[in-house]
Each structure stands twice: as C-alpha cells, then as structure tokens.
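Work through the exercises below with the model open. Each task is followed by a stepwise solution.

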Amino acid sequence: MDQVAFRQLWRRFAELVHANKTALNELDAAIGDADHGSNMDRGLGKVVEALDAGPEGSLRADAKLVGMTLMSTVGGASGALWGSGMLKFSIALPDATVVEWSGFIDALDTFVEALSKRGQAVVGDKTMMDVLLPAMTELRASAEAQESGEEIVVALAEHAKGWSDATRELMARRGRAAYLGERSIGHVDPGSVSTALWFQALADTVRAQVP
Ligand code: ADP
Ligand code: MG
C-alpha cells in the first residue's frame, strides 16, 4: 500500500461514517449515549483535513497524524482506542511511502494488539473487538495462503459486516453498554459497525487501486 492509497482509505472511511452517522448514533442511543456516529464523524473529518495538509513521504508520519487527530477529536471510549491504537500502528509502519501487504498486516496486528491490551475486551464482549479479532485471524490465514490483497479484503469486508451484525445477540461486558447487562441483548454494537465500515473502506480502496 502506498501513501496515496493510505490517504484514500481514511477519506473513504470518513465518507462511509459520515453517511452512517445518524444510524451509528441511533445504535449507540439504544445501548450507550447516542454519540458514536457524531464522535467518529467529527474525528474523521479532522483526520482528512490533517492528512490533506500533512507532509508527503512517510506512511508512519501519516498514521501518527491519524492517531493524534483521533485521540484529540473523537472523545469517548472509541477515540481513546482508535487514537492510541493508530499511534502504535504508526510505529509499526515504515518511514517510507510504500509498505508491502505483509507489512501492512503486521502493522494492523500491532493495532489490534494495542486495542486488546487497552480495552481488555475479548470476542463475545460485544465491542469493536468482535470484528477486529476475527478479522486479524482471517487476514493472517489468507496471507499465508498467498491470496491476493484484493481477494482478501473484499471477502473480509463482507465477513466484518456479518461479525458486526452478530453482536446483536451478545450481552455487553465492556464499555458503557455493559451497564445495561441483559438489556443490551437485541441491539447491534455501534463500535463494531464503524469498524466494519473501516474494512469496507479498505476493500473499496484496494479495489480502486487494482487496474
Ligand atoms: P462512549 O462509549 O465513551 O460514548 P463511543 O460511543 O464513541 O464511546 O464508542 C462506543 C464503542 O466503543 C462501543 O460500541 C464499543 O464497540 C467500543 N468499546 C467500548 N469499550 C470498549 C473496550 N473496553 N474495548 C473495545 N471496544 C470498546
Ligand atoms: Mg457513546
């Protein structure tokens, strides 16, 4: 992935979240405080501005900009998680304009690892980790099977949507929704939906890159 694609990925994610802002707020209204769509939309708008104004030449610098911007503008649990995770992600990226697909997957692993540590959520807790953890397992397996980047991310975007839908049946054990206990069952977790949109943005970006 090169710097043009990396910036396009965040632009696309911002577009998708913007288009789903109300829906994400509504999901959060059911089991939280109704701000997830607004939080992410505000932060990603700033991310796009920061990347447009950012210096060319380094994916690591770009990802650091993304992390710092998300930390300072998103707020809430998701801001702290996405922001700090992206800072770790940036350290794992090369100080260059291009990263091999395998290096990108490694960096993503670092991101997911950082979120696991910070948020302490596991699969089944009804959080964004219900998408991120299986996505990482799938990415690793398909990369080892030497599938093409495009095939992998297109399938992954579909699966991510499915994992996010499946959070409906779960009882929240982490985050604000955990206060509701059993009353959280029957509602999809908003953070898992926005995370699935990130994988959709990744698929859209990689697909657009392939001639
Ligand atoms: P807040 O809950 O502070 O209002 P948001 O509404 O922006 O923050 O984000 C809520 C989302 O954050 C949840 O839907 C969930 O996916 C995610 N989340 C909350 N706590 C955790 C955690 N400990 N680990 C992973 N993700 C979490
Ligand atoms: Mg909220």
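**Exercise 1. Find which residues of this predicted model come nearest to ligand 1.**

Step 1. Take the residues around ligand 1, those with a heavy atom within 4 Å of it. There are 21.
Step 2. Pick out the nearest: A77, S78, G119, D189 and G191.
Step 3. Sort the shell by class: 6 nonpolar, 9 polar and 6 charged residues. Here Ala, Val, Leu, Ile, Met, Phe, Trp, Tyr, Cys and Pro count as nonpolar, Asp, Glu, Lys and Arg as charged, and the others, Gly among them, as polar.

Conventions: residues are numbered from 1 along each chain as its sequence is written, chains are lettered from A and ligands numbered from 1 in the order in which they are written. Local features need pLDDT of at least 70, side-chain atom pairs count only at pLDDT 80 or more, totals for chains, interfaces and linings use all residues, and side-chain values use heavy atoms, with hydrogens and water left out.

**Exercise 2. List polar contacts (pairs of N or O atoms within 3.5 Å) of ligand 1.**

Step 1. Start at A77: a backbone N or O atom lies 2.8 Å from a ligand 1 oxygen.
Step 2. Go to S78. An N or O atom of its side chain is 2.5 Å from an oxygen atom of ligand 1.
Step 3. Add M128, with a polar backbone atom 3.0 Å from a ligand oxygen.
Step 4. Check the cover. Ligand 1 alone exposes 570 Å², and the protein buries 92% of that (Shrake-Rupley method, 1.4 Å probe).

**Exercise 3. State where ligand 1 sits and which elements surround it.**

Step 1. Ligand 1 sits in the largest pocket. To sit there, more than half of its atoms must lie within 2 Å of the pocket's grid points. A pocket is an open set of points on a 1 Å grid over the protein atoms alone, where a 1.4 Å probe fits, with protein on both sides within 12 Å along at least five of seven lines; lining residues have an atom within 4 Å of a point.
Step 2. α3 (36–53), α5 (76–92) and α9 (190–209) each give two or more residues to the shell. Helices are DSSP runs (H or I, at least four residues), numbered from the N terminus.
Step 3. α5 gives the most, with 4 residues.

**Exercise 4. Describe the largest pocket.**

Step 1. Its volume, the space filled by probe spheres set on the points, is about 520 Å³.
Step 2. The lining has 25 residues, with A77, S78, G175, R176 and D189 closest to the centre.
Step 3. α5 again gives the most to this lining, with 4 residues.

Note on methods. Polar contact = N/O pair within 3.5 Å; in protein donor to acceptor, adjacent residues only side chain to side chain.
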